[in-house]
Amino acid sequence: MAPVYMESLFVQRYVSATDVIFKIHSPCAMHLLEWVLNEMNEWNLFTMTRTDKKRFAVDCAIRGGKDYSVSSVDKAIKALKNADIIISTNEYIANVKTRTSTYYVNPHYYWKSASKSKREELVRALEKERYEG
């Protein structure tokens with residue numbers, strides 16, 4: 001039997017994501033989610049600076065003929081945050097926000113790394129933060 005080779009870049013979607021996805025009614029948010037899933041690193045982290053938003057808009061225009069503005073992307077980010085699919089990594093030091101454009105995709109729904117232990121570590125950190133915050 002010949003070996004089967006699989007592409008090493010993949011994203012796992014967990015069944016728990018299904019109910020959350022059906023609550024999103026914005027095509028821009030759904031396109032942004034797909035884009036982010038490809039862009040995030042092995043810890044599910046990604047940035048969404050103004051430059052990233054423009055890059056997303058250009059990618060959508062090239063791939064699917066969709067013309068999204070930066071304000072549309074901002075609304076899509078808000079929709080994904082409200083659905084708890086993406087989570088901001090904002091940090092405050094002395095009541096001053098230090099980060100505004102770094103997010104991670106909720107590991108309860110999606111995971112990019114092949115490492116099960118990394119996902120478990122991030123889920124534990126998320127649960128700890130949720131209960132302490």
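Which residue stands opposite Y104 in β6? Select Y104 and look across to find L45. Keep in mind as you go that this is a predicted model.

**Stop 1: the sheet**

Now widen the selection to the strands around that pair. You should see an open sheet of 3 strands, ordered β2-β6-β3, with antiparallel pairing. Colour β2 (45-47) and β3 (86-88) to pick out the edge strands, each of which pairs on one side only. On average, neighbouring strands here are turned by 35° against each other, direction ignored.

**Stop 2: along β6**

Next, select β6, residues 102-105. Towards β2, the antiparallel pairing runs over 3 bridges. Towards β3, the strands are also antiparallel, and 3 bridges join them. On that side, click I87: its bridge partner in β6 is Y104, the residue that L45 stands opposite.

Then show the side chains of β6. T102 and Y104 lie on one side, Y103 and V105 on the other, and all of these are buried, leaving both faces covered.

**Stop 3: a buried lysine**

Finally, move to K112, in the loop between β7 (110-111) and α5 (116-132). What is the nearest side chain of opposite charge to K112? It is E39, 7.5 Å away, and K112 has no salt bridge although it is buried. Follow the lysine side chain to its tip and you will find that K112 reaches the backbone oxygen of N38 at 2.7 Å.

To see the surroundings, select the residues K112 touches beyond four places in sequence: F10, V11, L37, N38, E39, M40, N41 and N44.

Key. Residues are numbered from 1 along each chain as its sequence is written. This is a predicted model: local features need pLDDT of at least 70, side-chain atom pairs count only at pLDDT 80 or more; totals for chains, interfaces and linings use all residues. Side-chain values use heavy atoms; hydrogens and water are left out. Two strands pair if DSSP finds at least two bridges between them. Helices (H or I, at least four residues) and strands (E, at least two) are DSSP runs, numbered from the N terminus. Axes are lines fitted to C-alpha atoms, for helices over the stretch in contact, and angles run from 0 to 180 degrees between N-to-C directions. Buried means under 20% relative accessible area, exposed over 50%, partly exposed in between (1.4 Å probe, protein chains only). Lys and Arg count as positive and Asp and Glu as negative; His and the chain ends are not counted. A salt bridge is a side-chain nitrogen of Lys or Arg within 4 Å of a carboxyl oxygen of Asp or Glu. A polar contact is a pair of N or O atoms within 3.5 Å; within protein, one must be able to donate a hydrogen and the other to accept it, and residues adjacent in sequence count only if both atoms are side-chain atoms. Contact means heavy atoms within 4.5 Å.
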